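Me: I should like to learn how the features of a protein model are read. May we go through one together, step by step?

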Amino acid sequence: MAQVGGSGNVAPTKGNLIQVKKSLQLAKMGYELLDRKRNILIREMMSLVERAKNTRGKISSTYNKAYFNLQKANITLGICADVAKAIPEEEGLQIHYRSVMGVELPVVKLETNDPQFVYGFTDTNSQLDNAFISFHQVKLMLAQLAELENSIYRLATAIKKTQSRANALKNIIIPGYEFSSKYITGALEEKEREEFSRLKVIKGSKEKKAAEAGAEEKSANKEEEKGIDAAQ
């Protein structure tokens, strides 16, 4: 493959010209694909940013509700640390992945069944139940928010890389191939002009020699005719 760059890097041959034009076409197609990919990733990221913003707002209000109910439960029941220890750790979290233009985005799944109370009802009240339900809702929304924020981060990283590659093609690779194509085309045209001039000179020289040879032959024939006439 012909190298991209100044005239000193590319031999001005027809083979290199064909290769450079082919590479230029591929570079332009690559830029169009990267530009399309970047736009799709940006649209996907903006939709996730809006969803993440709404989810944060819901989490904040639900947290406030949960802590308010927990405070009321602490007031009516005393500190509920023993009840909190009875709550089992979450084991229903599953993570899968989906692909958007080659970017792997996480899909976090958490069982959304109604919360199962794991404590007795004898020494508890409805305030603790409300706090437990609110924290369960927060847990579900936190899983969703983790999916959204991780996806946004991955998309932002992919957009940055795609933008960098697109800029390299647009500002370096494509102009380099265009310069090389113009240089080779100009050099080949100049070579053709020189070859045409050389052939024209050779043709003129041959015609001149042929004319001189014809004139000499004609002159020799005349001299020969004169000699014959004199002998007679």
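Me: In the hairpin of β1 and β2, which residue takes a positive phi?
Reply: This is a predicted model, and in it Met101 has a positive phi near 55 degrees. The hairpin leaves two residues between its strands.

Me: How many bridges join strand β1 to β2, and how do the strands run?
Reply: A general idea comes beforehand: side chains in a regular strand alternate between the two faces of the sheet. Here β1, residues 93-100, is joined to β2 by eight bridges, and the two run antiparallel. To follow one pairing, take Gln94, whose bridge partner in β2 is Lys109.

Me: What pattern does the chain follow along the sequence?
Reply: The order is α-α-β-β-α, from three helices and two strands.

Me: How should I read the contacts and the surface of the chain?
Reply: For contacts, consider separation in sequence. Of those between residues at least 6 apart, 76% join residues at least 24 apart. For the surface, the chain exposes about 16,100 Å², with 54% of it supplied by carbon and sulfur atoms. Buried residues account for 25% of the 232 residues.

Me: Which residues touch the most other members of the largest nonpolar core?
Reply: The general idea is that nonpolar side chains tend to be buried together in soluble globular proteins. In this model the largest such core has 16 residues, and Leu41, Val103 and Leu155 touch the most other members. Helix α1 (14-77), strand β2 (103-110) and helix α3 each supply at least two residues of this core. The most comes from α3, with eight residues. Apart from this core lies another, of 12 residues, including Val10, Leu24, Tyr177 and Leu188.

Me: What does Leu155 touch, leaving aside residues up to four places away in sequence?
Reply: Leu155 touches Leu41, Glu44, Met45, Leu48, Val103 and Leu105. Two of these names, Leu41 and Val103, have already appeared among the core residues that touch the most other members.

Me: How is a charged residue such as Glu147 to be read: is it buried or exposed?
Reply: Glu147, in helix α3 (residues 126-231), is buried yet has no salt bridge. The nearest side chain of opposite charge is Arg51, at 4.7 Å, whereas a salt bridge requires a side-chain nitrogen of Lys or Arg within 4 Å of a carboxyl oxygen.

Me: Which residues does Glu147 touch, not counting those up to four places away in sequence?
Reply: Glu147 touches Pro106, Val107 and Val108.

Technical notes: Residues numbered from 1 in each chain as written. Predicted model: local features only at pLDDT ≥ 70, side-chain atom pairs only at ≥ 80, totals over all residues. Heavy atoms only, no water. Helix = DSSP H or I, 4+ residues; strand = E, 2+ residues; numbered from the N terminus. Buried < 20%, exposed > 50% of the residue type's maximum accessible area, 1.4 Å probe, protein only. Lys, Arg positive; Asp, Glu negative; His and termini not counted. Contact = heavy atoms within 4.5 Å. Core = buried A, V, L, I, M, F, W, Y, C linked by side-chain atoms within 4.5 Å. Areas by Shrake-Rupley, 256 points an atom, 1.4 Å probe, with all protein chains shown as cover. Pairing = 2+ DSSP bridges.
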